[in-house]
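Trainee: Got a minute to go through this model with me? I'd like to talk about charged pairs and burial.
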Amino acid sequence: MEEIQSQSDHYRSSSSSASSPASRVPSSNFFYLRKPGAFRQPISFEDSPDWEDNTDIDVRVDQGRADSINTATTPPSPSLSKLNSGSLPSPPLPEGAVLARKIAGASLVWKDLTVTIKGKRRYSDKVVKSSNGYALPGSMTVIMGPAKSGKSTLLRALAGRLPDTARVYGEVFVNGVKARMPYGSYGFVERETTFIGSLTVREYLYYSALLQLPGFFTHKRSAVEDAIIAMSLGDYANKLIGGHCYMKGLRSGEKRRVTIARELVMRPHILFIDEPLYHLDSVSTLLMMVTLKKLASTGCTLIFTIYQSSTEVFGLFDRICLLSNGNTLFFGETLACLQHFSNAGFPCPIMQSPSDHFLRAINTDFDRIIAMCKNWQDDHGELSSVNMDTAVAIRTLEATYKSSADASAVETMISKLTEKQGPFLKSKGKANCLAKIAILTWRSLLIMSREWKYYWLRLILYMFLAICIGTVFSGLGHSLSSVGTRVGAIFLFISFTSLLSIAGVPAQMKEIKIYTCEESNEHSGTFVFLIGQLLSSIPFLFLLSISSSLVFYFLVGLRDDFSLLMYFALNFFTCLLVNEGVVLLVSSVCRNIFWSILILVTVHMVMMLSAGYFRIRSALPRPVWMYPISYVAFHTYSIQGLLENEYIGTSFAVGQVRSISGYQALQNEYDISINIDSKWANLLILFLMAVGYRVLVFILLKFRIRKTLSLRCLFRCNENTNNAR
């Protein structure tokens, strides 16, 4: 304690000297305090009075309002009052639009919440330690702290979205009821989201509403328009998210608001946002926070994490939960946090943002900077006044908070919010499975028709390849000597077109990312995603197969029969379906474009070697190459079916008297069956392989891929947090 006291006194003196009247503006110009009962009034840090040691702070819970900090204060500055009061000019609303409707918020309370993450052997690492707090309707509660302090973990624990490797101890109450929040009662916005760049903002939100909400289309359109108005996206509603040709897409701040608007479509009572200011500039940051402040004014309960903020943004927060290494250093109103730091011996210097000051005091990474500064102080003098041991500051702040009136006020408020049960949140229902399949199919068709890298690029490549192979092997005739050359042409066409399908890996990877994001929010499902993706790809694969088959078929000079041509196209179409399943399977496993392409090239190379062209299938080494690779390679069945389609039932003259059948002519070139119906058996095998690969993808996505939404996070009541070790 002597060490803590000495460090605190030393930092107090350095901070006081840094903000002395001799070098700064007068000390009478410092922070504003709130008037009694005005806890939703703005906080301004312009020309505000200094915190004095004898300032009396009376924290109490009033019956008529949620919480308040009563002090003798000066009138608030009008600058940020404009932000809170809504007098700041807003983007013009579209014609016929209405103001954002009121939302019935919900109170959220967490008590003695501890989160442990499973280590190598057991659940030993406490990420969040005995945290207490609450969030009220119509307010913004921010969880702030340095990197790896447990901000996102606490947010996910409150939303019930921790992974399976985490365990939660403690109690979480929603409207005084200890229960998990049902579907539709809350929204969760991830830090990073995969967008569909080929859709406009309105289309993106509308398809999201169709996936989330049951009921009629008019109701869903109304929800979309309300979300657009709430997030100030009226000017961008008809703009493509990712841009097109020479048109730029949305900026990062606008995209971030689109992700929040997607969750607002459900009109949730509580909205969780992980880092809403992630990768935003100062202008986008302020606009985002003003928009969220207006959203909170409609009654929604907002809880989000933040790393740091400017002074203006800090003034918009209602309540702050300050974390460091999982420990709660403070919970309460924003101005009370400033007073808490001052009482602990770490007053915020003038001309410094409060959030910067908080992080400076509790971020242990600054110790390395201090060590660097000390190495230079001998030659260059005092380079920095940052000379505080952050570990000591953290212990001081934690000890001061536990014994403060702020902690008592939090316990009182928690008791008040949990003693009576409020209205139980009900599930808002989901769209049925068939509706989701139809919606995803139609959306994917729209995306694929607009995105050139999905199938239009492959169409160009397939046509180019068909023309190249067709012109090289043109004019073969129908003699016995042309059989081997024609087999090579068919092998090259099937193998190279299958290899070119690797161009669709980035598109498949993006589809999987979109599915993962929607599945974590329960907007979609594995079965729905796979069926929708399959149905939407069929028209484009059919176009690819018909166009390239026609070019190749007539240039090479295959048999002039319409039924044979249709079988050729159908066989090639089924081959593409199988190949799409292979690409989807590898993309689901790797989740990385480079490794997916590398693995697919290797897989196709091995399948081509065992397909029976370079060496007849019956002559392949039985271990590995014949069993099982030649039976797994879809090239084998596709080429075999096409050759049977071309040569079964034909004959070739040998001399003037003798002739041999097409089957005999192919004996030394490729293994085929003499049965005339065997080509349909090969087609059936290809179809079963297409289904089988998608079943494997379903198993991977359903059971083996790690989900972001935890299904086994159960809250244990009245559990001692020491049992987590």
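Mentor: Sure, terms before anything else: buried means under 20% relative accessible area, exposed over 50%, and partly exposed in between (1.4 Å probe, protein chains only). This is a predicted model, where local features need pLDDT of at least 70, side-chain atom pairs count only at pLDDT 80 or more, and totals for chains, interfaces and linings use all residues. Residues are numbered from 1 along each chain as its sequence is written, and side-chain values use heavy atoms, with hydrogens and water left out.

Trainee: Okay, is E580 buried or exposed?
Mentor: E580 counts as buried because its relative accessibility is 2%.

Trainee: And which residue does E580 meet in a salt bridge?
Mentor: R458, at 2.7 Å, N to O; a salt bridge here is a side-chain nitrogen of Lys or Arg within 4 Å of a carboxyl oxygen of Asp or Glu. The pair links helix α19 (residues 562-590), which holds E580, to helix α15 (residues 452-472), which holds R458, 122 residues apart. Helices are DSSP runs (H or I, at least four residues), strands likewise (E, at least two), numbered from the N terminus. R458 is buried too, also at 2%.

Trainee: How many salt bridges in the whole structure?
Mentor: The search finds 14. Among them, E203 pairs with R450, with the closest N and O atoms 2.9 Å apart. That one connects helix α4 with helix α14 (residues 433-450), 247 residues apart.

Trainee: Switching topic, where is S185?
Mentor: In the loop between β6 (166-174) and β7 (186-189). S185 is buried, at 0% relative accessibility.
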